[in-house]
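Here is a short set of questions and answers to read alongside the structure. Keep the viewer open and follow along.

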Amino acid sequence: MLGEISRKSSFWVLDACKGGNVRRHYQDIEKQLNDMAYCKQQVNKNMRKLLHFAVNEVEAYKPYQGYKKLSDFPVINKNIIKENYEAFQSDLCRTGNTISLHTSGSTGTPFAIIQDRNKRDRVNAEMMYFWKKAGYEIGMKYVFFRIWTETNQKSRLTAFARNLVMEDVLRLDESNLERIRKRLKQDKKIRMLLGYASTFENLASYLLKCGDTPDMFHIRCVISGAEALMESTREKLVKVFGCTVVSLYSNQENGMLAQECACHREFHWNSSSFYLELLKLNSDEKAEPGELGRVVITDLFNYAMPMIRYDTGDLAVRKQTSDCGWNTICLERIEGRKADITYTAEGEPISPSTWGVLFWEFPDIKQYQIIQESRTEYVIRMNVEKDRYDEAKLYTLVKNVVGDVKIQFEYVDEIPVLSSGKFKRSICKIQQ
C-alpha cells in the first residue's frame with residue numbers, strides 16, 4: 001500500500017514541477033463529464049479554436065477556410081492521411097516537442113500519428129479518469145498483456161515508475177499460461193489486468209480449468225480493449241477473479257474514446273475530448289437512432305496533426321438515454337471494424353456481435369473464425385474436437401443467419417492472433 005501511495009504522490013509532484021498540466025486536464029475532464037451544460041460550452045469553444053487553427057495552419061485544411069459548419073469538412077481516414085502525410089502536419093511537428101505514435105497495422109494499414117505534448121498530457125489525464133471509474137488508482141500495480149516489441153516496449157525505469165508489468169502474449173500455450181497464473185497468485189500487489197479480450201478468454205478458461213477462485217488472487221478490475229468483449233468471456237473473468245470487468249474503447253492515434261459502465265452494459269463517450277459523429281455504412285449521411293454507424297471523430301486537442309472528421313474504421317450504435325445517468329453521449333454497443341462486417345447471401349450486413357451470440361451455445365469450441373470468401377461462400381474455422389459439439393446444429397444456425405450460401409467447416413489446432421496480438425473473429429474477403 002505504501003508503494004502505491006508514494007507512486008501516486010510522486011506522479012502529482014512531478015506533474016506540478018512540470019507546470020501541473022495533467023492535473024488541469026484531469027480536472028477539466030472530470031468537470032465536463034459531470035456537467036452537461038459546461039461540457040457543451042467547452043466542446044463548442046474547443047471546436048471553434050481547433051477549426052480556426054486547422055484552416056490557417058494546416059495545408060490539408062486550408063481549402064476549407066470558408067467553412068460554415070463541421071460537415072463542410074471532408075471525412076478522412078488513415079489512407080487519406082498517409083497519402084498526404086506532411087499536408088496534415090502543423091508547424092508544431094517541426095519544433096521537436098512532439099511524440100510519434102505507431103499503430104500495429106492489424107487492419108492492413110500501418111500508421112503513425114504525431115501528437116503535441118499538450119495532447120499527450122490530455123491522453124494521460126483521460127486514462128487516469130476512466131481507469132479510476134473501473135476501480136484503478138494511480139500507483140497500483142498492473143499487468144498489461146500485449147505483444148511487446150522494440151517499438152512499444154517501455155524502459156525498466158518507466159515500467160518501475162508506472163508500476164507496470166509487461167506480459168507478452170505472442171505465445172499463450174499452456175506453459176506460458178501456467179507461468180502467468182503463478183505470477184498473479186504470488187504477487188499480491190497486482191491490482192489490475194489490461195489487455196485484449198481474446199487474451200482474457202484464454203487466460204480465464206485456463207484458470208477455471210485449474211479450479212482457481214477469486215480468493216487466490218488480489219485483482220480489483222480487468223479492463224479489456226481493442227476487441228469486442230464477449231459476455232461469455234466476461235462471465236469467466238468474474239467467476240475466476242470476482243472483480244469489475246469492463247471494456248475500453250480507445251485507439252493509439254487518438255486516446256481514450258469511451259469505456260463501458262461498471263454497472264450497466266453501455267459505453268460512456270469521452271465527450272470532453274472528442275466530438276462524435278455516427279455515419280451510415282456506405283455514405284456520409286447521419287445514421288438513424290439505433291442504426292449501426294461508422295465512428296467518425298474530431299479530436300479536439302491534437303494540434304500537431306489535427307484529425308477532423310476522422311473515420312476510425314469502427315462501428316457503433318448510439319443509445320438514446322443512459323441507464324446510470326451518464327451526462328453526455330452513450331453508446332449501446334461498439335461492434336468492431338467495418339472491415340469485419342460479413343454479409344448475407346442477399347447482401348445485408350451481419351454485425352460481428354451476431355457471431356458471438358451464436359457461438360455461446362457451443363462452449364467446447366475453443367476458438368472460431370468466420371471467413372466470407374465470396375457472397376455465397378463461407379468458411380468456419382474452429383479449434384475443437386469434432387465429436388465435442390453438434391455440427392448439424394451449428395450448420396443450421398449459421399445457415400439461418402447467412403442464407404443460401406455454401407458453408408465449409410475447417411478444423412485446426414490453433415487460430416493464431418495477428419502480429420498486434422489481436423484476434424479477428426470475422427474476416428470478409430469481398431471487395432467493399
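Q: In this predicted model, does Gly293 count as buried or exposed?
A: Gly293 lies in strand S11. The cut-off for burial is a relative accessible area under 20%. The relative accessibility of Gly293 is 0%, so this glycine counts as buried.

Q: Which residues is Gly293 in contact with, leaving aside its neighbours within four places in sequence?
A: Ser283 is 10 residues away from Gly293 along the chain, and their C-alpha atoms are separated by 10.0 Å. Ser283 is not what we are after here, so look at the contact list itself. With neighbours within four places left aside, Gly293 is in contact with Leu278, Leu279, Leu281, Ala287, Asp314, Leu315 and Ala316.

Q: How are helices H7 and H8 oriented to each other, roughly parallel or roughly perpendicular?
A: H7 covers residues 174–186 and H8 covers residues 197–209, and their axes are 10 Å apart. The two helices pack at an angle of about 75°. Angles of 65 to 115 degrees count as roughly perpendicular, so H7 is to H8 roughly perpendicular.

Q: How many nonpolar, polar and charged residues are in the contact of H7 with H8?
A: From H7 come Glu174, Leu177, Glu178, Ile180, Arg181 and Leu184. They meet Asn202, Leu203, Tyr206, Leu207 and Lys209 in H8. By class, these residues divide into 6 nonpolar, 1 polar and 4 charged.

Q: Which word describes how H8 and H9 lie to each other, oblique or perpendicular?
A: The axes of H8 and H9 (residues 231–241) come within 9 Å. H8 passes H9 in a left-handed crossing. The axes cross at roughly 45°, and H8 and H9 are therefore oblique.

Q: How do the residues of the contact of H8 with H9 divide by class?
A: H8 brings Ala197, Phe200, Glu201, Ala204, Ser205, Leu207 and Leu208 to this contact. H9 brings Thr233, Lys236, Leu237, Lys239, Val240 and Phe241. The residues divide into 8 nonpolar, 2 polar and 3 charged.

Q: Where do the buried residues of H9 sit around the axis, on the same side or on opposite sides?
A: The buried residues of H9 are Thr233, Arg234, Leu237, Val240 and Phe241. They cover an arc of only 140° around the axis, so they are placed on the same side of H9.

Q: Which residues are exposed on the other side of H9?
A: The buried residues of H9 pack against H7, H8 and strands S5, S6, S7 and S8. Away from that packing, the other side of H9 has two exposed residues, Glu235 and Lys239.

Q: What phi does Gly242 take just after H9?
A: Most residues other than glycine have a negative phi. Gly242, a glycine just after H9, takes a positive phi of about 60°.

Q: What is the phi of Asn163, which is not a glycine?
A: Asn163 is in the loop between H6 and strand S4. At 11% relative accessibility, Asn163 counts as buried. Its phi is positive, at about 60°.

Q: What value is the phi of Arg309 near?
A: Arg309 is found in the loop between strands S11 and S12. With 6% relative accessibility, Arg309 counts as buried. Its phi is positive in a residue other than glycine, and it is near 55°.

Q: Is Ala161 buried or exposed?
A: Ala161 has its place in helix H6. Exposed means over 50% relative accessible area. The relative accessible area of Ala161 is 51%, so this alanine is exposed.

Q: Which residues is Thr342 in contact with, leaving aside its neighbours within four places in sequence?
A: Thr342 is found in strand S14. It counts as buried, at 0% relative accessibility. Leaving aside those neighbours, Thr342 is in contact with Glu348, Pro349, Ile350, Trp355, Gln372, Tyr378, Ser426, Ile427 and Cys428.

Q: How do H2 and H3 lie to each other, oblique or perpendicular?
A: The axes of H2 (residues 21–32) and H3 (residues 36–57) come within 8 Å. Asp28, Lys31 and Gln32 of H2 make the contact with Met36, Tyr38, Cys39, Gln42, Val43 and Asn46 of H3. The axes cross at roughly 125°, and H2 and H3 are therefore oblique.

Technical notes:
Residues numbered from 1 in each chain as written. Predicted model: local features only at pLDDT ≥ 70, side-chain atom pairs only at ≥ 80, totals over all residues. Heavy atoms only, no water. Axes fitted to C-alpha atoms, helices over the stretch in contact; angles between N-to-C directions. Helix = DSSP H or I, 4+ residues; strand = E, 2+ residues; numbered from the N terminus. Parallel < 35°, antiparallel > 145°, perpendicular 65-115°, else oblique. Contact = heavy atoms within 4.5 Å. Nonpolar A, V, L, I, M, F, W, Y, C, P; charged D, E, K, R; others polar. Left-handed = near helix turned anticlockwise from the far one by under 90°. Buried < 20%, exposed > 50% of the residue type's maximum accessible area, 1.4 Å probe, protein only. Arc of directions from axis to C-beta.
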